[in-house]
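User: I'd like a close look at one part of this model, the strand pairing. Start there, then work outward to whatever else belongs in the picture.

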Amino acid sequence: MSIERLTPFLAQEYENFPKGRTIGVVVLRTTKSETIFRTEGTGEPMCSEYVQAGLEDTNSIPRLLMTKRKQIAPERRRGREFLRNHELLKTAPKAGTICSLNTNAPCELCIDCFLYGFAAGGEGAQKSRVWTEDAFTVLPATDLVGDRTINAIFENGTMRDEQGKASTALNTSEYIKPGTHFLDIVTLKDVTADELRYALGNLLLTTRYGAVSSRVGRMDNQILGVFGGMAELPSSLELVQGVYDHLSQGKTPLEHPLDGKILTQATQTILDTWTQKRGISMKLSSEELNDLIEDIDRHWSLEEQANFLKRLDESYEPYRQVKVKAKADSNKGRKAKS
């Protein structure tokens with residue numbers, strides 16, 4: 001099984017200190033609807049950066065980027081939906097409420113806190129073991145962005161109300177076109193086999209990203225490669241630049257929409273050279289990668305999901321006891337001083 005091949009790079013159980021075991025995952029993210037990635041409010045331009053086109057092509061082009069937070073936040077929330085459904089989110093000791101994101105009151109004890117980390121306002125912290133970076137598009141941003149005029153008509157079907165006043169709800173906003181490809185690198189540090197299944201399951205099950213995700217932002221995530229080693233993979237920008245150079249040498253026109261199969265083949269060509277990079281030991285074959293995804297799907301199935309999440313939750317119990325004891329000793333010390 002592919003999980004067994006990854007054993008040298010997986011922790012046997014949760015440990016509080018890192019030991020340099022790294023699993024790198026290459027992800028192709030493809031928009032399936034209009035999508036909006038920006039850092040400000042309505043009307044702001046899409047997130048983009050001017051970067052070198054390729055490793056050999058030194059011309060600068062603007063590339064759209066999907067920032068780290070735009071990736072990890074929806075995937076983390078997706079996993080927490082299942083934890084909430086199975087009552088595996090713990091009570092936050094600081095607030096006395098169920099663990100919640102962005103409230104400065106994490107429980108510090110649930111699967112999400114142990115894997116994705118938390119910061120408890122000076123009372124403790126856990127560094128995330130799921131590392132992400134900005135994902136870039138292969139093609140220039142100028143080919144991938146369109147403009148949409150947004151208006152809100154009144155119930156009479158026009159832009160004027162019964163008194164004849166014109167609606168002010170008229171705006172032009174940029175959007176990312178369907179069929180846009182982002183290449184991304186996700187790094188998992190010192191995770192167990194079940195934590196690997198949990199993190200990759202969240203990634204594969206998340207389908208909505210960016211702003212206004214209840215109406216737009218549909219995206220498909222595909223895992224193209226899984227590596228094991230003691231160092232991170234090359235950056236997502238380096239991957240995109242290598243793919244751009246490779247495609248530029250072929251007969252495929254570099255224009256939107258870019259053929260997904262051709263892009264995947266070009267990416268695999270670049271990935272096949274990465275086992276020669278310093279600190280990277282192995283790469284799963286296509287058959288092993290398919291086995292890994294089937295393994296993840298099986299554990300996340302309705303039949304096995306409850307047992308899988310419960311088993312992962314119970315794996316943290318020894319460390320929970322250590323944390324509870326440490327807090328109790330700290331409280332005793334404070335009382336004694338007072």
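Analyst: Two strands count as paired here if DSSP finds at least two bridges between them. The strands (E, at least two residues) and helices (H or I, at least four) are themselves DSSP runs, numbered from the N terminus. Before we dig in, this is a predicted model, where local features need pLDDT of at least 70 and side-chain atom pairs count only at 80 or more, while totals for chains, interfaces and linings use all residues. Residues are numbered from 1 along each chain as its sequence is written, and side-chain values use heavy atoms, with hydrogens and water left out.

Let's take S10, residues 181-189, as home base. S10 pairs with S1 (residues 22-31) in the antiparallel sense, over 9 bridges. If you want a place to click, Arg29 has Phe182 of S10 as its bridge partner. S10 has other antiparallel partners too: strand S6, residues 130-132, is joined to S10 by 3 bridges, and strand S7, residues 135-137, by 2. In the S6 pairing, Trp131 is matched with Thr187 of S10. For S7, look at Phe136, whose bridge partner in S10 is Leu183.

How covered is S10? Of its 9 residues, 9 are buried, meaning under 20% relative accessible area with a 1.4 Å probe and protein chains only (over 50% is exposed, in between is partly exposed). Both faces of the strand are covered. On one side sit His181, Leu183, Ile185, Thr187 and Lys189, and on the other Phe182, Asp184, Val186 and Leu188, every one of them buried. Note the lysine, the histidine and the aspartate in that list.

Now step from S10 across S1 to S11. S1 is joined to S11 by 10 bridges, again antiparallel, with Val27 standing opposite Ile223. S11 covers residues 219-229 and is mostly covered, with 9 of its 11 residues buried. From S11 the pairing carries on to strand S12, residues 280-283, through 3 antiparallel bridges. Gly229 opposite Ile280 is a handy pair to look at there. Read in order, then, S10 pairs with S1, S1 with S11, and S11 with S12.

What packs with these strands? In the largest nonpolar core (buried Ala, Val, Leu, Ile, Met, Phe, Trp, Tyr and Cys joined through side-chain atoms within 4.5 Å), there are 44 residues, and Leu188, Leu196 and Tyr198 touch the most other members. At least two residues of this core come from each of S1, S10 and S11, and also from each of helices H2 (68-85), H3 (111-116), H5 (193-205), H8 and H9 (305-314). Another core, of 40 residues, lies apart from it, with Leu64, Phe136, Ile185 and Tyr209 among its members. S10 makes a nice bookmark for both: Leu188 is one of the best-connected members of the 44-residue core, whereas Ile185 belongs to the 40-residue one.

Tyr198 is worth zooming in on. Leaving out neighbours within four places in sequence, its contacts (heavy atoms within 4.5 Å) are Gly79, Arg80, Leu83, Ile111, Leu115, Tyr116, Trp300, Phe308, Leu309 and Leu312.

Away from S10, there's a neat spot at Gly54, in the loop between strands S2 (48-52) and S3 (60-66). Gly54 is buried, at a relative accessible area of 0%. Not counting residues up to four places away, Gly54 touches Gln241, Tyr244 and Asp245. It also sits 9.1 Å from Leu237, C-alpha to C-alpha, though the two are 183 residues apart in sequence. Gln241 lies in helix H6, residues 236-248, and counts as buried at 9%. With the four-place sequence neighbours again set aside, the residues it contacts are Gln52, Ala53, Gly54, Leu55 and Arg63.

The cysteines stay unpaired: there are 0 disulfides, that is, cysteine sulfur pairs within 2.5 Å. Cys107 is a buried one, at 1%; its sulfur is 3.5 Å from the closest other cysteine sulfur, in Cys110, which is too far for a bond. Cys47 is buried as well, at 10%.

Last, how far to trust all this? Mean pLDDT (the predictor's per-residue confidence, 0 to 100) is 87 for the protein chain, with 85% of residues at 70 or more. Among the chain's elements, H5 has the highest mean, 98, and helix H10 (residues 317-337) the lowest, 64.
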